[in-house]
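The following exercises concern the structure displayed below. Each task is followed by a solution that proceeds step by step.

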Amino acid sequence: MKELVERLYPVCRSITGNGLRRTLEIVGEHIELAVSEVPTGTPVLDWTVPREWNIRDAWVKDAGGRKVIDFAEHNLHVVGYSTPVHATMPLAELREHLHTLPDQPTLIPYRTSYYAETWGFCLRHDVLESLPDGDYEVFIDSTLEDGHLSYGEHVIPGELTDEIIFSCHVCHPSLANDNMASVAVAVELAERLAATKPRHTYRFIFAPGTIGAITWLARNFERVDRIRGGFTLACAGDRGSLTYKRSRRGDAPVDRAVEHVLRESGRPHRVLDFSPYGYDERQYCSPGFNLGVGSLTRTPYAGYPEYHTSGDNPDFVTEESMADTLETLCEVVAVLERDRRYVNLSPYGEPQLGRRGLYDSLGGRSDTKQAQMAMLWVLNLSDGDHSLLDIAQRAGLPFATVADAADALRGAGLVKE
Amino acid sequence: MKELVERLYPVCRSITGNGLRRTLEIVGEHIELAVSEVPTGTPVLDWTVPREWNIRDAWVKDAGGRKVIDFAEHNLHVVGYSTPVHATMPLAELREHLHTLPDQPTLIPYRTSYYAETWGFCLRHDVLESLPDGDYEVFIDSTLEDGHLSYGEHVIPGELTDEIIFSCHVCHPSLANDNMASVAVAVELAERLAATKPRHTYRFIFAPGTIGAITWLARNFERVDRIRGGFTLACAGDRGSLTYKRSRRGDAPVDRAVEHVLRESGRPHRVLDFSPYGYDERQYCSPGFNLGVGSLTRTPYAGYPEYHTSGDNPDFVTEESMADTLETLCEVVAVLERDRRYVNLSPYGEPQLGRRGLYDSLGGRSDTKQAQMAMLWVLNLSDGDHSLLDIAQRAGLPFATVADAADALRGAGLVKE
Amino acid sequence: MKELVERLYPVCRSITGNGLRRTLEIVGEHIELAVSEVPTGTPVLDWTVPREWNIRDAWVKDAGGRKVIDFAEHNLHVVGYSTPVHATMPLAELREHLHTLPDQPTLIPYRTSYYAETWGFCLRHDVLESLPDGDYEVFIDSTLEDGHLSYGEHVIPGELTDEIIFSCHVCHPSLANDNMASVAVAVELAERLAATKPRHTYRFIFAPGTIGAITWLARNFERVDRIRGGFTLACAGDRGSLTYKRSRRGDAPVDRAVEHVLRESGRPHRVLDFSPYGYDERQYCSPGFNLGVGSLTRTPYAGYPEYHTSGDNPDFVTEESMADTLETLCEVVAVLERDRRYVNLSPYGEPQLGRRGLYDSLGGRSDTKQAQMAMLWVLNLSDGDHSLLDIAQRAGLPFATVADAADALRGAGLVKE
C-alpha cells in the first residue's frame, strides 16, 4: 500500500482535471474502475459542475530572475483553481496572494479557491520572511475551461442488491495521509473482497470531495434506497489510533459493527458522534439522504499539525497503520456479512442440544464452553427482535463465536433466518 | 429591585386581607395589574375560598404591663389567621400558644393556621426563656370574616396566544427573600418584556400561595390548554447560586430552555427533579393540569437557616442576586422566544452556501468559524424533528449562535418554519 | 430450616427415581404437595421423559477386597444415571470411569450422565492418587427402566388467579446449599403465606432441574399466560450475600420488586442481568414463554469453590443465611401484594388534605413528615401510568410508606384502583 501512496502522491489533483484523471487511471491498474465524466455546467443537487482546471507550470521569480516559488518543486505551492496570471508586481502587492503558516514556518499550506476566481501561491513562512522588497514576476500557466468532473467506481456484486459504500475523496494534490493512504487501503480491501462471494454488494467511490460526492448522489438518486450504509475513508495511514465518527443515525448497521469490532479487538480507539463537518459523510448524511455512512480515520480531520500542509508527505504514513486500518475494515465487513436475524424454531424451553451432538453429555461441570454459551444465547434471543450482533453485544461474546453458534444451530434445524 | 423589596417588606400579608391588597397596589404602581377579588365561600377545585383575615394590633403584656411581644414591632409575632383574643393567663397556659425555634434562639419563626381556628404568637426562643412565671395579658385585635381573596395579573400580549406564566406567591408577611425579592424580579422582567414585541404571551400572576394558585386555576380552567409552561418564582434574592426544579414533565420547553441557559452561562447552579412539594408548582403540576411549570429559586425551599424566620429580612437579599436571577430569566425568555422548528428546503446534500455569501471562499483551512458550524448544524438537523434548542444542545453551541444561523439561512430561503 | 436441610441431605436424588419421591414425601410432611408422576417416554416440548433411575448399592474393591469407593458412604461417589456394572478391570481401564478434582483433591465432585448411557464413579483426587495399580472389582447395582418422572406442587390460592411461582430444583443428591436450603426456605415461605389471605395466587414447584421444569411447562401450557412472574430459588443458605439475576424481560414485576427491596433494605447484594445459563430460569425465560422469572440466590451458580462437590454439605449452610433469604422473599411478596395502580380522583390541584385530617394544620414549618410527602407523591403520580412501586422509586421512599399513604388516600376517597 505504501508503494501505491508513493506513486499517487506527486500527482497534482484537484476537483477536476487531468491530475484527477491520472489518479483514477493508476487506481484502475489495480481494480477495474468505471470512470464517469460529468460536463461542466451540469446541475447536481443545489450545485453546478464547475469548469475544469488544469495547470502546467507556475512560479514566482525575484528581481534577479531566480525562482523563489516553483510549482515544479511542490504542487501545494499553487492555490487550487488559480486563474492564469503573468505579471510583475512589488512584494507588497504580491503578498495579498501569498498564503503561509506563521506558526509552522517550514511547512507549505494547502489552499484552494474553487468557487471564487482568484490566484495565489502557498509557501513556507520562513521563505516569505526572507524575500527582499522589490518587484517579482508572477506566472501561472493554468486553464479554467469547460470540461468535465471525473469520478471512478468499483463494484463487487453480492448475493443481495443492497450496498455498502466506501467513499474516498481524491481531490487533494500532494497530501499523503489525506487521502492517498485511504485510496491504497480501499484498493487492497476491494481486492480482498473480490476474492470472496459476498452477501452484500460493495461499491467503492473515488471522487473529488464535496462536489464529487454531490455529483455522485445527484446521479444515483434512485440507488440510495439500496444503500445499507458505508464509510468515508480518510487519513488512513498516520501513526495515530483509529477514530470512528458515527453516521447521523448513530446506530446504523455500520455504526454498530464498527463499534463492536473496535471494542472487541482491544485496539485503542475513539468513537465520536456525528457532526456535519469533516469529509463527505456531510453529503451522505444530509437529512434528505440520511444514509448510515460513518467516517473511519486514524487521527481525524484537522487533528494533526501536518494536516493540509506539506508535512503530510509519504513519510507521514506507515504500512503498519494502513494495514491496521485495512484489517479493521475487513473485520467490520465480516460482521456486516454474517449479521442477520434468526428465529428460534424451538422457542418453548431449551431444545435438547445433547441429542443433536451440540452439548456435552457429562453434567454437573461448571466450566461451560463459550461455544455452548453462544448457542444458548442465540436460542434465547432469536425471537425476531435481535440480530446476531445484538446477541453478541448482549452476551459479551465475540461476534464470530456467536455467528458460528448460529451456523451450528441452523445446521441442526433449530433456527431459521 | 432592592428598593421595592424594602418597601414591600413591612406589609403584613396573608392569604387574604388588606396587606395582600396593599401589596398588589404597590406592584400596580410599577406594572398594570388586573386585580381579582373572589368572595369567601367560593368553591375552587377541591377547596373553598376562606374567610378574610385582617389584623390591627396584637401584643402580650407581662404582669407589669410591659409588652413582651408586640405585633407592631414585627408582624411575624402573630400566627397568621389568629382569631381575636383578649385574656389573661399564666405563662404555662400561654406557652401552648407560643412558637419558638430552640435551635435558632434569636430568630422569630413564621407560622400560620389558615384552616384550623386558633391563635398564637411567635417569638425568639431566648425571649421566651427570659419570661418569668406569672400572668400575662394577651391581646389580638383581628377579624376573620366573610370577604375576599385577592390576586393580581399582568399580561404582555404576544403574537401567539400561547402563554408563559410567572407565578409569585404574595402571602408571606415580613419575609424578604420569600417572596418579595421574586416580586421585585418579576416586576422588572415584566417591564423589560413590555419593551419588546414578544412572540409568546407572558402572564405574571401575583397570588397567595396554594389557595391563590388553586383559585386562579379554578377560574382559568379553559385557559390552561394555552399555557406552554412557566415558572414559580421564589427566593430570588439570597446570596446562594441558582436552583432550577424541573416541572413534573421533566422535559417541558421551560425545563429545556432553563437547563441550556444555566449550562451555557457557566453560572454555578443545580437542577433538581420535580417533587410535589415546595411552591405553587405543586398546583400547576398536579396530574390533572400537568403544566410544564418549573420553579426557579436561588437557595431552594427550606434550604437556608433564615428560611421562614425573621432572619429573612431585606439585608438577606442583594441587588446582585436579584439582577442575576433577572438576567437568567431574560436569557431563558430569549430562548423561548427564538426556539422553533425549521425545515431544510435543500435537504439533499449541503446547499452551496458559498454562492449565497454564507461561506468562506478560501478552502483548505481547518479553523471553521462557529457561525458556519451553526449553519451546517441547522441545515443537517432541520428535518422537522429538531428545534433550534435541540440543535444547539446536540451541537454544543450557544443557542443564540444557532438561532442567528437559522435567521441567516431563512434569509437565504434555505429553511422555512 | 437447617433441620429440614439435614433431613433431606442424605437422600440420593436424581431427575427421576425413589430419592426424588422420598424428597417430595418429606416436603409433603410440611406443606400439602400435589405430586405428579409422568411416564417415561412422554414427549415434553423438545424433550422426552427419560427412563427412571434407581440405585441400591455401588462400590469399587481393590485386589484385597477392600472397598476403596463406597456409595454407602457418600452418594456423590456414583455418577448420576450410571448403568449397572459388575466387572473386574485394571486401574488404567477403571480410570476412564473415575472423576476427580485435581485442584480440590479432598472433595468429591458431582457428575451426571442423564442422556448418554455410561457408568462412573467420583472420588477425592488424593484417594485416586493413592490407589495402587492392579485389578479392581467394580459394582453398581442400579436400574434404568421405564418408570416416571416425579414433581410436586403446592398452591396458595389468592383473590386473583394470576400466579407467582417459586421453583426449586430437587434433583441434586447430597448437596446442601444446592438445593435443599432453597427447599427449606420455600417450605417456610409457603407456610407463612398460607397464614395470610394473599391477593395473588402463589405456586411452589419442586421438580428436577431442566427436564422437570420442561415437563411442568409442557403440561401447563395453558397456565403460563396467568403467570405474573416468579423465581427460581437456589443456593439459599451459604454465607455469601444475596444475588438477584433478572428475568429475561429485565423489568418484570418481580425484577422491580426485588431490586427495590434489596436497595431499600441496605443489604449488601448484587443484581445481574439475565443470561441463558444457571437454573430453570433458562426454561421459564426461553423466548416462547418469556415469563418474568428471575433467580434469587446467595452466592450464585458455580460461584463458590464447594459448588457441586462434597464440600456443599449441611455445615456449608447457615440458619441465618436461610432466614435472610426468607425475609427478603417475604418483603418482595409484600411489595407484589400491595403494588397497584391508583387513579387520583381529585387531579386538578392538590385536594385539601387538612380538612380530611391528613395534613398538619400548622403552616410555615419546613419539616414535613415522610407520611405526608408520600401522600403528595401518590396524589401527584396516580395518573394511571404509575404504580405504587413506580412512585416509591421516583420519590425515594420505602414502598411500605407509599402503600400506607395510598391506603389513607383510598380511605378518604381521594384515589381509586
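**Exercise 1. The annotated binding site**

Task: State in which helix of chain A the residue A:Asp178 lies, and examine how the residues of the annotated binding site are arranged in space.

Solution.
Step 1. A:Asp178 is part of helix α5 of chain A. The model under study is a predicted one.
Step 2. The unreviewed UniProt entry gives a "binding site" feature at A:His172, A:Asp178 and A:His308.
Step 3. These residues span 137 residues in sequence, yet no two of their C-alpha atoms are more than 9.0 Å apart, so they gather at one spot.

**Exercise 2. Two annotated domains**

Task: For each domain that UniProt annotates in chain A, give the residue range, the helix and strand content, and the distance between the end C-alpha atoms.

Solution.
Step 1. According to the unreviewed UniProt entry, the feature "domain: DUF2172" covers residues 52-143 of chain A. Over this range the chain is 12% helix and 36% strand. The C-alpha atoms at its two ends are 8 Å apart.
Step 2. The feature "domain: DUF4910", also from an unreviewed UniProt entry, is placed at residues 3-339 of chain A. Here the helix content is 28% and the strand content 26%, while the end C-alpha atoms are 34 Å apart.

**Exercise 3. A salt bridge within chain A**

Task: Explain why the salt bridge between A:Glu417 and A:Arg199 ties together parts that are 218 residues apart in sequence.

Solution.
Step 1. Over all chains, the structure holds 84 salt bridges.
Step 2. One of these joins A:Glu417 and A:Arg199, whose closest N and O atoms are 2.9 Å apart. This distance satisfies the criterion, which requires the nitrogen and the carboxyl oxygen to be within 4 Å.
Step 3. A:Glu417 lies in the segment after β19 (415-416) of chain A, and A:Arg199 lies in the loop between α5 (176-194) and β12 (201-207) of chain A, so the pair ties together parts that are 218 residues apart in sequence.

**Exercise 4. The interface of chain A and chain B**

Task: Describe the contact between chain A and chain B by residues, by area and by polar pairs.

Solution.
Step 1. Contact is made by 29 residues of chain A and 26 residues of chain B.
Step 2. The area buried between chain A and chain B is about 2,300 Å², and carbon and sulfur atoms give 51% of it. On the side of chain A, the residues that lose the most area to chain B are A:Asp46, A:Pro276 and A:Tyr277, together 26% of what that side buries.
Step 3. Four salt bridges are counted between chain A and chain B. In a salt bridge between B:Arg356 and A:Asp46, the N to O distance is 2.8 Å.
Step 4. There are also 14 residue pairs in polar contact across the interface of chain A and chain B. The side of chain A that touches chain B consists of 16 nonpolar, eight polar and five charged residues.

**Exercise 5. The interface of chain B and chain C**

Task: Give the corresponding description for chain B and chain C.

Solution.
Step 1. Here 29 residues of chain B are in contact with 26 residues of chain C.
Step 2. Chain B and chain C bury about 2,300 Å² between them, with 52% on carbon and sulfur atoms. B:Asp46, B:Pro276 and B:Tyr277 supply 26% of the area that chain B buries against chain C, more than any other three residues.
Step 3. Four salt bridges cross the interface of chain B and chain C. The side chains of B:Arg282 and C:Glu350 meet in a salt bridge at 2.5 Å, N to O.

**Exercise 6. The relation between the chains**

Task: By what turn can chain B be laid on chain C, and how are the two copies related?

Solution.
Step 1. A turn of 120 degrees and a shift of 0.1 Å along the axis lay chain B on chain C with an RMSD of 0.1 Å.
Step 2. The two copies are therefore related as by a three-fold rotation axis.
Step 3. In chain B, the C-alpha nearest the axis belongs to B:Asp251 and is 14 Å from it.

How values were computed:
Residues are numbered from 1 along each chain as its sequence is written. Chains are lettered from A and ligands numbered from 1 in the order in which they are written. This is a predicted model: local features need pLDDT of at least 70, side-chain atom pairs count only at pLDDT 80 or more; totals for chains, interfaces and linings use all residues. Side-chain values use heavy atoms; hydrogens and water are left out. UniProt positions are given in the numbering used here, feature names are shortened, and annotations may be inferred rather than shown by experiment. Helices (H or I, at least four residues) and strands (E, at least two) are DSSP runs, numbered from the N terminus. Contact means heavy atoms within 4.5 Å. Buried area is the accessible area (1.4 Å probe) that two parts lose on being put together, summed over both. A polar contact is a pair of N or O atoms within 3.5 Å; within protein, one must be able to donate a hydrogen and the other to accept it, and residues adjacent in sequence count only if both atoms are side-chain atoms. Ala, Val, Leu, Ile, Met, Phe, Trp, Tyr, Cys and Pro count as nonpolar, Asp, Glu, Lys and Arg as charged, and the others, Gly among them, as polar. Copies are superposed by least squares on the C-alpha atoms of residues with pLDDT of at least 70 in both.
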